[in-house]
Amino acid sequence: MNISTRFAVAIHILTLIDSNKEGKSTSEWIAGSVNTNPVVIRRLTGMLHKAGLVEVRPGVAGAKLARSPGEITLLQIYRAVNAVEADTLFSVHEHPNPSCPVGKNIAGAIVPVFSLAQQALENVLQGVTLEQIVNQIPVS
């Protein structure tokens, strides 16, 4: 029950595109860095494009950032690739015993805490930009 790896791969894709401003960031080239199939990269790049984070053109190889890395937050990336739907980061088990006082009331006790925890995560992601991630990658 993890946050989808799409989130980490999307950050990898955008960081790689930013590092390759002078070259062509094709899905095949990106897939080589991510170590996955180019189809996965194309699917995620399509999601990032739909969110306005990358520019791609049908029939033309390569993608580029639609905005500067300082204008892209991790929360925007997280939401772009549907890493987790709203209020679903944590799940409550289904069908606890309604005859048990704990089973009958556990969801009402923990769901508000889970919602607060997800909001805290999203607040942190809102405060981190792609530029901050890019700046942590050593240049060789």
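## How α1 and α2 cross

A crossing of two helices is called right-handed if the near helix is turned clockwise from the far one by less than a right angle, and left-handed if the turn is anticlockwise. With that in hand, we can look at this predicted model, where the crossing of α1 and α2 is right-handed. The two helices pack with their axes 10 Å apart, at an angle of about 120°. That angle makes α1 oblique to α2, because the range for roughly perpendicular runs from 65 to 115 degrees.

Which residues bring α1 and α2 together? From α1 come V9, H12, I13, L16 and I17, and they meet W29, I30, S33 and V34 of α2.

## The buried side of α2

Helix α2 spans residues 27–34, and its buried residues are S27, I30, A31 and V34. These four sit on the same side of α2, because they cover an arc of only 105° around the axis. The cover over them includes α1 (6–19) and α3 (38–50).

I30 and V34 are worth a second look. Both are buried in α2, both take part in the meeting with α1, and both are also listed in the contact with α3.

## α2 against α3

Now for the other partner. The axes of α2 and α3 cross at roughly 110° and come within 8 Å. The two helices are therefore roughly perpendicular to each other. On the α2 side, the contact is made by S27, E28, I30, A31 and V34; on the α3 side, by P38, I41 and R42.

## V9, a meeting point in α1

V9 belongs to helix α1. Is V9 buried or exposed? Its relative accessible area is 18%, so V9 counts as buried, the cut-off being under 20%. Once neighbours within four places in sequence are set aside, V9 is in contact with V34, I41 and L44. Of these partners, V34 is one of the buried residues of α2, while I41 is one of the α3 residues that touch α2.

The chain also brings T36 into the neighbourhood of this helix: V9 and T36 are 27 residues apart in sequence, and their C-alpha atoms are 9.6 Å apart in space.

## Y78 and its aromatic partner

The structure holds 2 aromatic pairs. One of them joins F7 and Y78 in an edge-to-face arrangement, with 5.3 Å from centre to centre and 80° between the planes. This pair links distant parts of the chain, since F7 is in helix α1 and Y78 is in helix α4 (residues 74–80), 71 residues apart. Both partners are buried.

For Y78, the relative accessible area is 1%, which means that the residue is buried. Beyond its neighbours within four places in sequence, Y78 is in contact with I3, F7, A83, V84, Q118, L121, E122 and L125. Another spacing to check in the viewer is that of Y78 and Q119, which are 41 residues apart in sequence and 13 Å apart in space, C-alpha to C-alpha.

## Q118 in α5

Q118 is placed in helix α5 (residues 101–126). Its relative accessibility is 3%, so Q118 counts as buried. What does Q118 touch, leaving aside its neighbours within four places in sequence? Its contacts are Y78, V84, E85, A86, D87, T88, L89 and F90. Two of these names link back to the previous section: Y78 itself, in α4, and V84, which is also in contact with Y78.

## Two residues with positive phi

Most residues other than glycine have a negative phi. Which residues depart from this pattern here, and where do they lie? N35 is one: its phi is positive, at about 70°, although N35 is not a glycine. N35 follows α2 and lies in the loop between α2 and α3. With 71% relative accessibility, N35 counts as exposed, in contrast to V34, which is buried.

H95 is another such residue, being other than glycine and having a positive phi near 60°. Its place is in the loop between α4 and α5. H95 counts as exposed, because its relative accessibility is 72% and the cut-off for that class is over 50%.

Notes: Residues numbered from 1 in each chain as written. Predicted model: local features only at pLDDT ≥ 70, side-chain atom pairs only at ≥ 80, totals over all residues. Heavy atoms only, no water. Buried < 20%, exposed > 50% of the residue type's maximum accessible area, 1.4 Å probe, protein only. Arc of directions from axis to C-beta. Contact = heavy atoms within 4.5 Å. Phe/Tyr/Trp six-rings, centres within 6.5 Å; stacked < 30°, edge-to-face > 60°. Axes fitted to C-alpha atoms, helices over the stretch in contact; angles between N-to-C directions. Parallel < 35°, antiparallel > 145°, perpendicular 65-115°, else oblique.
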